Amino acid sequence: MATTIKREPIAREKSVPLTPEERRLQSLERLEISSLPDPALDELVQLVAQICAVPAAAVSFVERDRVWYKSRLGLPTRSVPREESPCDETVLGDDLFQIPDAAEDPHYPDGVIPVGTSNYRFYAGAPLRTADGNAVGTLCVYDTDPRRLDEVEANTLRTLASQVMTRLELSLTTRIADRDARSRQRVESALTVERNFVSAVLDTVGALVVVLDTAGRIVRFNRICETISGFALGEVVGRTEWDTLVPPEDRETAIATYQQLRDGLFPFAFENRWRTRDSTIRRIQWTATALPDAQGEVAFLIATGIDVTLQREAELTLRESEARYRQLIEGSLGAVFTHTLDGTLLSLNTYGAESLGYTVEEMLDRRLSHFMPTEAQPSFEDYVATLSASGEAQGTFELCHRDGTGRVLVYRNRLIESSTGEDYALCFGVDITEKVRAEERLSALTRQSNSILDSVGDGIFGMDLNGITTVCNPAAAQMLGYREDEIATAILGQSLHALSHHSRADGSPYPESECPIISSTREQKTVRVSTDVFWRKDGTSFPVEYVACPIVDDGRATGIVVAFTDTTERHALDRMKDEFVSTVSHELRTPLTSMRASLGLIASGALEKRPDKTKQMLGIAIGNTDRLVNLVNDILELERIGSGKAELHYGDVDAEELMRRAADLLAATAAKTSQRFTFNCAGVHIWADSDRILQTVTNLLSNAIKFSPDGGEIHLAARISAPGEATLEVRDHGRGIPADKLEHIFGRFQQVDASDSRVMGGTGLGLAICRSIVTQHHGRIWAESEPGQGAHFYVTLPTGPSSHLR
């Protein structure tokens, strides 16, 4: 009873490709080789033994663990372990394998090739290779003597090995056909069943099947061929394919293909065109092989094919689409590229390479991070990790141009999973370097503009055409009584008119339609207003001077800029100027009037006979002249200190020495009224301009002498009042100063009593000069007094240099 060798199926996961050995075992299993003797194979074994003049030959099949012999001659056993048989090496090679002498082969330490109870010195085997290229066994010969096959013997062994495979494949085909035929007609003879089955198969399969004889004439033509060509079998049988179905322009190619098949070049794959009955052209893809007769000669050629017309049209469409796609990519104004998961560039369009100053060839097969600055390369590893984890990534790459300049590429990349190879990233990027640089310049300009807005003292508003505030600098917010952190919530987005310009100076409503700021947009001209008021958050108003300028773009107003100034201090300065001019005029007119009167009497001759009176008038004129000189000097000194033109020369000054110098300068004046000085200044040093502080102390002493009674005492003291600070004191025992005048006396042309300037002399500028000098030293000066108890004047000065002193 015939049996078929059963082999264990090879279990593989679908996603894991088969190894070459697993594919070879599958091919062996598909042959369904029977264990029953095969006379044809036995004859081939005998033939090869005779031709090669050897005592042993066999047809062997190499399974997973053993080699077994289907047909054998001279061999004592039907199978041997695979690792002991040279057939194992034969199936692993590509051609005939020989062991000329086992004694010289390291694989056989005993010097022989064991087969059962027999030992051999020589082996030669040709692989039995299936149509898919897998070697499943051998046609082999053994000899007890060392030798080597000559060329004729080797070629014979190869040819007979091919005949063995043809026999095996034909047997397999026959068995399959036999099984199919028996399932349809079990009562028919085997030959009838086989023929009918083949005919049925040819007519029912979805492939085209054409059988040709050795002259190229059509013998079989299945039903699908009839359907596609439009010709019946009877119309083409006995005629060549190139005379009936192939277009005339393809005739020579068809004949050449057939000659290759007839000459033994099979199995053979090719593609040709058929012209159908209705003259349409169909493309057919064929696989052809030979059907040998009993003598092994080519009896027929059988070709199976499929209609690939639609496929080729689709491929053409795809190629055109790919061409358009490539043209689109190459014409893109962005970088289109792919890279592996380690960042190696696989493809890149020309624009992407040229944007960095390279050619495509120079960039391919290099990591993208190679074109990044060193400090940006760690971020590329983070990008790869993100892409691998989430399947997509977007952001910016910092890249280096060939010339060393930096480029910025914004990207959005996606991970593509490949079913046949390694996953890769599909990337699209746009060079935004110029945009980034423009944004940086714009940001710098914005910061500069904001800094300018923040630093200017004038208030600045920006508004749209509806009067809604869009910009407000800190100075404007401060003038309106808002904190800087309230600008965004309380000012921006609000109507400027309703916020700060809703009423006139007298409190009456100010209609928006009459507002000069709003009207500037309608008339598209700049408006300047110097006498108006704005209203603070607390409901109070203040005088302002403002300029409203429309923002005009292409002849159309798009907004308004308002710059305004709080003129409160200017008005106060104007009043002070008027008062100063009035005071100076009065102070100048009084001595000038007296001088004019005295000199007028002298000039008229009325005093010619009274020389003593003339002398008195001249004394009055000289006294008023001195008063005018002192007044002018004091005014110039005060202006020089106030304008910063009086440069200070700091140094370490002994307070006691300085105060004694001041007392010495006024000793003669004090002696006239028998006044004396006392001191308490030992060990105190100050950091100051000694000349300026001497001027200050002298002024204070002069006032003390003027307002102290005859025979009085004036006390000068100095002490350390705080770390880094000393206090100088001048104390008299005069009439004192009312409390409401203690600050007033430090103003210009200010005295406790208006009559003092006439009785005591002086310009009323001395204490103002003292305060200016002390303030310039970053110190303070003030007075303390009670009427009738004298006055105390205090001056604080630094004892050493500090960072704010120049």
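This talk goes through the aromatic pairs, salt bridges, cavities and unusual backbone angles of the structure above.

A word on the source before the contacts: this is a predicted model.

I will start with the rings. There are 19 aromatic pairs in the structure. Take Phe61 and Trp68 as one of them. Their ring centres are 5.6 Å apart and the planes make an angle of 40 degrees, so this pair is classed as tilted. Both partners are inside: Phe61 is buried, with a relative accessibility of 0%, and Trp68 is buried as well, at 3%.

A second pair has another geometry. Phe746 and Phe793 have ring centres 6.3 Å apart and planes at 70 degrees, which means that the pair counts as edge-to-face, since the angle is over 60. Where do Phe746 and Phe793 lie? Phe746 is in the loop between strand 28 (725-731) and helix 24 (756-759), while Phe793 is in strand 30 (residues 791-798). The pair therefore ties together parts of the chain that are 47 residues apart in sequence. Phe746 has a relative accessibility of 6% and is buried. Phe793, at 8%, is buried too.

Phe746 has a further contact, this time with a charge. The charged end of Arg771 sits over the ring of Phe746, 4.3 Å from the ring centre. There is another case of this kind at Tyr510, where the charged end of Arg504 sits over the ring, 4.3 Å from its centre.

To finish with the aromatics, there is a cluster. Phe97, Tyr120, Tyr123 and Tyr142 are linked by ring pairs.

Next, the salt bridges. The count is 32. I have picked out three, and two of them involve strand 17.

In the first, the side chains of Glu392 and Arg414 meet, with N to O at 3.3 Å. Glu392 belongs to strand 16 (residues 392-400) and Arg414 to strand 17 (residues 406-416), so the bridge links distant parts of the chain, 22 residues apart. Glu392 is partly exposed at 35% relative accessible area, and Arg414 is partly exposed at 45%.

The second joins Arg407 to Asp431, with the closest N and O atoms 3.0 Å apart. Arg407 is in strand 17 and Asp431 in strand 18 (residues 424-431), so this pair ties together parts that are 24 residues apart in sequence. Is Arg407 buried or exposed? Its relative accessible area is 17%, which is under 20%, so Arg407 counts as buried. Asp431, with 22%, is partly exposed.

The third stays inside one helix. Glu656 and Arg660 form a salt bridge at 3.2 Å, N to O. Both residues lie in helix 21 (residues 655-665), four residues apart, or about one turn of the helix. Each is partly exposed: Glu656 has a relative accessible area of 23%, and Arg660 has 36%.

Salt bridges also form a network in this model. Glu21, Arg24, Arg82 and Asp88 are joined into one network by bridges that share partners.

Now the empty space inside. How many cavities of 30 Å³ or more are there? The count comes to three. The largest cavity has a volume of about 110 Å³. It is lined by 14 residues, and those closest to its centre are Ala335, Gly352, Leu356, Leu399 and Leu409. Strand 14 (335-340), strand 15 (345-348) and strand 17 each supply at least two lining residues. Strand 17, which we met in the salt bridges with Arg414 and Arg407, gives the most to this lining, with three residues. By class, the lining of the largest cavity is made of ten nonpolar, two polar and two charged residues.

Last, the backbone. Most residues other than glycine have a negative phi. Two residues here are worth a look in that respect. Ala53 is not a glycine, yet has a positive phi of about 55 degrees. Ala53 sits in the loop between helix 2 (39-52) and strand 1 (56-62), and at 57% relative accessibility it counts as exposed. His778 also has a positive phi, near 60 degrees. His778 is in the loop between helix 25 (766-776) and strand 29 (780-785). With a relative accessible area of 48%, His778 is partly exposed.

Notes
Residues numbered from 1 in each chain as written. Predicted model: local features only at pLDDT ≥ 70, side-chain atom pairs only at ≥ 80, totals over all residues. Heavy atoms only, no water. Phe/Tyr/Trp six-rings, centres within 6.5 Å; stacked < 30°, edge-to-face > 60°. Buried < 20%, exposed > 50% of the residue type's maximum accessible area, 1.4 Å probe, protein only. Lys NZ or Arg CZ within 6 Å of the ring centre and 35° of its normal. Salt bridge = Lys/Arg side-chain N within 4 Å of Asp/Glu carboxyl O. 1 Å grid on protein atoms, 1.4 Å probe; cavity = no way out; pocket = protein on both sides within 12 Å on 5 of 7 lines; lining within 4 Å. Points joined across faces, edges and corners; volume = space filled by probe spheres on them. Nonpolar A, V, L, I, M, F, W, Y, C, P; charged D, E, K, R; others polar.
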